[in-house]
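Okay everyone, thanks for coming. Let me put the structure up and walk you through a few spots in it.

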Amino acid sequence: MGMGGPGGANAWALMRSMRRDDSVTRQKLPKGTIGRIARFASPYRWKLTGFLVMIVVGALVGAASPLLYRMIIDQGIGHRDVQLIAVAAGVLAALAVFDAVLTLAERWVSAVIGEGLIYDMRTRVFDHIDRMPLAFFTRTQTGALISRLNNDVLGAQQAFTNTFSSVVGNLMTVGATLVAMLVLSWKITLLALVILPVFLFPARAVGRRLAKITRDGYNLNAEMSSTMAERFNVSGALLVKLYGRSGAEGHVFAERAGRVRDIGITQSLYSGVFFVSLLLTASLATALVYGVGGLMAAHGALLVGTVVALTAYLNRLYGPLTSLSNVQVDVMTALVSFDRVFEVLDLQPLVDERPGAVELGRGPARVELDHVDFSYPTPEEVSLASLESVAVLEQAPRQQVLFDVSFTAEPGQLVALVGPSGAGKTTISHLIPRLYDVRAGAVRINGVDVRDATLASVHEVVGVVTQDAHLFHETIRANLLYARPGATDEELVEALQAAQILPLVESLPDGLDTLVGDRGYRLSGGEKQRIAIARLLLKAPDVVVLDEATAHLDSESEVAVQEALSRALEDRTSIVIAHRLSTVRRADQILVVDAGRIVERGSHDELLGTGGLYAELYRTQFEDQEPALEG
């Protein structure tokens, strides 16, 4: 490994160590954290062992070089022994080559271990987050999740590559160097150690200040990044332009960027002070060794080669010693990163597959809700305070939103859910594809409780189109293939044609390979809905759930979407949430939901005849201006 003096890479590593936030040492780690880390790293145990051996060998190789300098000066030059000089110089050259090869080998093994750990942890965390219920994502900040996958995973990885190698390497370097220096001259060694606090105590003060500046810099950069993320997405940019706030937004951004600039200047100044102090201390120590050692050599108490060797050792001593003075902070920083990753992995998903889960069969499907009660999970059940950027999770009591809901949709039937906003219609639609689990009762498909079925089979059988169809920032083709990756171009065209959107796609210059933009903003609302319906048709589910799929469309778009929906619902069991009641007049069964209960049920004519809530809601809308949905 590289054994340079306190400048260069060693000085940078030392400064990073000194500027770490020492508040981490006050954190309490859960019991067993070290054991979990060891188990996580167990696939790399032999590589870690080899890495450790290389570090030890590198430290010993570095410690041998000054002794060869001493031999060349005292024995070679002093006794004019040309052969000894040549042999010693050759050994120095061989050690330099060996050290270079060893450094490259260390870097390679370190990269293999580090990148392997990053891959393992990221995939574990990603897969775990992907299994979390919908409630988890409604509460969690996306940026906080990304930070766990990036910053914390990297911090944990550095425990094995940077912190591990730094601690072991510094211990070996300091040990070998001190032994050699004490053997050569214990007096000069003690003098050299006395001067260390001259640098160490100011350096720790500068390090604490740097840690605070670094924290402030991270926060300011996060604010600036948040501003850019919110203003540069399509919705944010539209809002800024509609309200004419471009100038004001520029002023706010300039102010935040200015604070980042100022704190960067301050950080650079403190870093400069750190480097200058380190170099000054090393220079003073070198002067001390040369001065005292030179006087001793002049009086015959010390050989010149020994003075040179002591000076060479001195350059290897201060950096590692200073780093080791901060080793507790380094180790705790790495452990805390691991703990933050484990914190996410320990949050168990509420909706999970039971052992022995069965596959739902394909074909005509009967959907039954049997005396269902439901309340949304509490924050403690689905979230973490650190992922919501709050000190303590919200302590709101659980409130029941569905009460004794029962109905059956027979194969091929269209069942409509209607009622005022907030009545519980969308909640019911979320229970069928098992986005949430019921608190009491059961949701069954063909007699099988969805909690007893495999999640994959539930998602194959049930297809959903929401009122805000989401498209990824990819091509139309990629968005369609998300439903069925193996679909052919002919099948894609057939789905687009059935969804009444093929002529538009064919008119685009890139056709199926047209990028739809962020969240599909290059398409209109009706076009996005029809792409989503084409995606549903490719999936070919047996049960279709529509959550007000035409609620926010203009009349022309609604007509096109309704025609597409007619094809999508044909011969499938359908659960439709309707805002416009005229769209469900031909439903086989209409369920009127109010305050979490089904208060009326029947056909359109039956419900109008009773004069209840459905009739009241229907009279407030324009019956003749909206197209009927064909069952």
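Let's start with a single pair of residues: Asp370 stands opposite Ala442 in β4. Before I go on, keep in mind that this is a predicted model.

So where does that pairing belong? Strand β1, residues 367–375, pairs with strand β4, residues 440–445, in the antiparallel sense, and five bridges hold that pairing. Step back a bit and you get an open sheet of four strands, ordered β2-β1-β4-β5, with antiparallel pairing. The edges are β2, at 400–409, and β5, at 448–449, and each of those pairs on one side only.

Now look at the β2 side. β1 and β2 are also antiparallel, over six bridges. If you want to find them on screen, Leu369 has Phe407 in β2 as its bridge partner, and Val367 has Ala409 in β2. As a reminder for anyone tracing side chains here, in a regular strand they alternate between the two faces of the sheet.

On the other side, β4 and β5 run antiparallel and are joined by two bridges. Arg444 is opposite Asp449 in β5 there. The hairpin of β4 and β5 has two residues between the strands, and Asn446 in that hairpin takes a positive phi near 50 degrees.

That brings me to backbone angles. Most residues other than glycine have a negative phi, so the exceptions are nice to point at. Arg80 is one of them, with a positive phi near 55 degrees. Arg80 sits in the loop between α3, residues 45–77, and α4. Is Arg80 buried or exposed? It counts as exposed, at 73% relative accessibility. Ala595 is another non-glycine residue with a positive phi, near 55 degrees, and you'll find Ala595 in the loop between β9 (589–594) and β10 (597–602).

Next, aromatics. How many aromatic pairs does a search of the whole structure find? The search finds eight. One of them is Phe40 with Phe342, a tilted pair with 6.4 Å centre to centre and 55 degrees between the planes. This pair links distant parts of the chain: Phe40 is in helix α2 (residues 33–41), Phe342 is in helix α13 (residues 327–345), and they are 302 residues apart.

Are those two rings' residues buried or exposed? Phe40 has a relative accessible area of 11%, so it is buried. Phe342 counts as buried too, because its relative accessibility is 3%; the cut-off for buried is under 20%. Phe338 joins in as well, and Phe40, Phe338 and Phe342 form one aromatic cluster. On top of that, the charged end of Arg36 sits over the ring of Phe342, 4.2 Å from its centre. There's a second arrangement of that kind elsewhere: Arg597 lies over the face of Phe403, at 4.1 Å from the ring centre.

Okay, on to a pocket. The second largest pocket holds about 2,000 Å³ of space. Its lining has 36 residues, and those nearest its centre are Asp130, Leu134, Leu435, Phe472 and Tyr482. Which elements give two or more residues to that lining? They are α4 (82–130), α5 (134–139), α6 (142–184), α16 (455–461), β6 (462–465) and α20.

Let me pick out Tyr482 from that list. Tyr482 is in the loop between α17 (476–481) and α18 (489–498). Tyr482 is exposed, because its relative accessible area is 59% and exposed means over 50%. Its C-alpha is separated by 7.7 Å from that of Arg535, which is 53 residues away along the chain.

Last stop: α20, one of the elements lining that pocket. Helix α20 covers residues 525–539, so Arg535 falls inside that range. From first C-alpha to last, the 15 residues of α20 reach 21 Å, close to the 21 Å expected at 1.5 Å a residue. Most of α20 is covered, with 13 of its 15 residues buried. And just after α20, Ala540 takes a positive phi of about 55 degrees.

That's my tour. If you want one place to start on your own, try the cluster of Phe40, Phe338 and Phe342, then find Arg36 over the ring of Phe342.

Notes
Residues numbered from 1 in each chain as written. Predicted model: local features only at pLDDT ≥ 70, side-chain atom pairs only at ≥ 80, totals over all residues. Heavy atoms only, no water. Phe/Tyr/Trp six-rings, centres within 6.5 Å; stacked < 30°, edge-to-face > 60°. Buried < 20%, exposed > 50% of the residue type's maximum accessible area, 1.4 Å probe, protein only. Lys NZ or Arg CZ within 6 Å of the ring centre and 35° of its normal. Expected span 1.5 Å × (residues − 1). Pairing = 2+ DSSP bridges. 1 Å grid on protein atoms, 1.4 Å probe; cavity = no way out; pocket = protein on both sides within 12 Å on 5 of 7 lines; lining within 4 Å. Points joined across faces, edges and corners; volume = space filled by probe spheres on them.
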